[in-house]
Amino acid sequence: SFTVKVLLIGIGILCVILGFVGLAVPLMPGFVFFGIAVICLSSASPTLRRKLASYPRVGLFLQELEETRELELKLRVSAVFRSALRLLGAQSINTT
């Protein structure tokens, strides 16, 4: 619905702002807010989803989120955490 889209876009924009603040403030994790912003903005608009997916790391992050949608919560949290680490640029992640 329209209200949900507006709410998601508002939260997404707020998280982008908080993400940039997090880059400047040492104790505030900016990447968490950027991740939340990607999820909110891509959920709110197919156009924004396509635009965000055009960036290689963000596109992979969104694809992995979609692939884990059917998993149980514990496995999904683990998969999203690994995806977030890849989004940050981690080269190899041990999944054992």
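**Figure 1. Phe 31 in helix H2.** Phe 31 is found in helix H2, and we can begin our tour of this predicted model right there. With a relative accessibility of 41%, Phe 31 counts as partly exposed. Leu 18 makes a handy landmark for this view: 13 residues separate Phe 31 and Leu 18 in sequence, and their C-alpha atoms lie 9.4 Å apart in space.

**Figure 2. The chain and its five helices.** Stepping back for a moment, the chain has 5 helices and 0 strands. Read from the N terminus, the order of elements is α-α-α-α-α. The chain has 96 residues, of which 25% count as buried. Taking contacts between residues at least 6 apart in sequence, 33% of them join residues at least 24 apart.

**Figure 3. Helix H2 against helix H3.** Here we look at where helix H2, residues 30-44, meets helix H3, residues 46-53. Their axes come within 5 Å and cross at roughly 135°, which means that H2 is oblique to H3. On the H2 side, the contact is made by Val 38, Leu 41, Ser 42 and Ala 44. On the H3 side, look for Pro 46, Leu 48, Arg 49 and Leu 52. By class, the residues of this contact of H2 with H3 divide into 6 nonpolar, 1 polar and 1 charged.

**Figure 4. The surroundings of Leu 41.** Leu 41 is one of the H2 residues that make the contact with H3, and it is worth a view of its own. Setting aside neighbours within four places in sequence, Leu 41 is in contact with Leu 48 and Leu 52, and also with Ile 9, Gly 12, Ile 13 and Val 16. Leu 48 and Leu 52 are among the H3 residues in the contact of H2 with H3.

**Figure 5. Helix H3 against helix H4.** Moving along the chain, H3 also packs with H4, at an angle of about 120° and with the axes 7 Å apart. The two helices, H3 and H4, are therefore oblique to each other. H3 contributes Arg 49, Leu 52 and Ala 53 to the contact, while H4 contributes Val 58, Gly 59, Leu 62 and Glu 66. Sorted by class, the residues of this contact of H3 with H4 comprise 4 nonpolar, 1 polar and 2 charged. Readers who have just left Figure 3 will recognise Arg 49 and Leu 52, which also take part in the contact of H2 with H3.

**Figure 6. The largest nonpolar core.** Eight residues make up the largest nonpolar core: Val 38, Leu 41, Leu 52, Val 58, Phe 61, Leu 62, Leu 65 and Ala 84. H2 and helix H4, residues 56-67, each supply at least two residues of this core. Which helix gives the most to this core? H4 does, with 4 residues. In soluble globular proteins, nonpolar side chains tend to be buried together.

**Figure 7. Glu 64, a buried residue of helix H4.** Glu 64 is found in helix H4. Is Glu 64 buried or exposed? Its relative accessibility is 14%, so Glu 64 counts as buried. Leaving out neighbours within four places in sequence, the contacts of Glu 64 are with Ser 83 and Arg 86. Val 80 gives another reference point, 16 residues from Glu 64 in sequence and 7.5 Å away in space, C-alpha to C-alpha.

**Figure 8. Arg 82 in helix H5.** Arg 82 is found in helix H5, which covers residues 73-88. At 23% relative accessibility, Arg 82 counts as partly exposed. To link this view with the previous one, note that Arg 82 and Glu 64 are 18 residues apart along the chain, with their C-alpha atoms separated by 9.5 Å.

**Figure 9. Cys 15 and Cys 40.** How many disulfides does a search of the whole structure find? The search finds 0 disulfides. Cys 15 is in no disulfide, and the nearest cysteine sulfur, that of Cys 40, is 5.7 Å away. A disulfide would need the two sulfur atoms to be within 2.5 Å. Cys 40 is likewise in no disulfide, its nearest cysteine sulfur being that of Cys 15. Cys 15 is buried, with a relative accessible area of 7%, and Cys 40 is buried too, with a relative accessible area of 10%.

How values were computed:
Residues numbered from 1 in each chain as written. Predicted model: local features only at pLDDT ≥ 70, side-chain atom pairs only at ≥ 80, totals over all residues. Heavy atoms only, no water. Buried < 20%, exposed > 50% of the residue type's maximum accessible area, 1.4 Å probe, protein only. Axes fitted to C-alpha atoms, helices over the stretch in contact; angles between N-to-C directions. Parallel < 35°, antiparallel > 145°, perpendicular 65-115°, else oblique. Contact = heavy atoms within 4.5 Å. Nonpolar A, V, L, I, M, F, W, Y, C, P; charged D, E, K, R; others polar. Core = buried A, V, L, I, M, F, W, Y, C linked by side-chain atoms within 4.5 Å.
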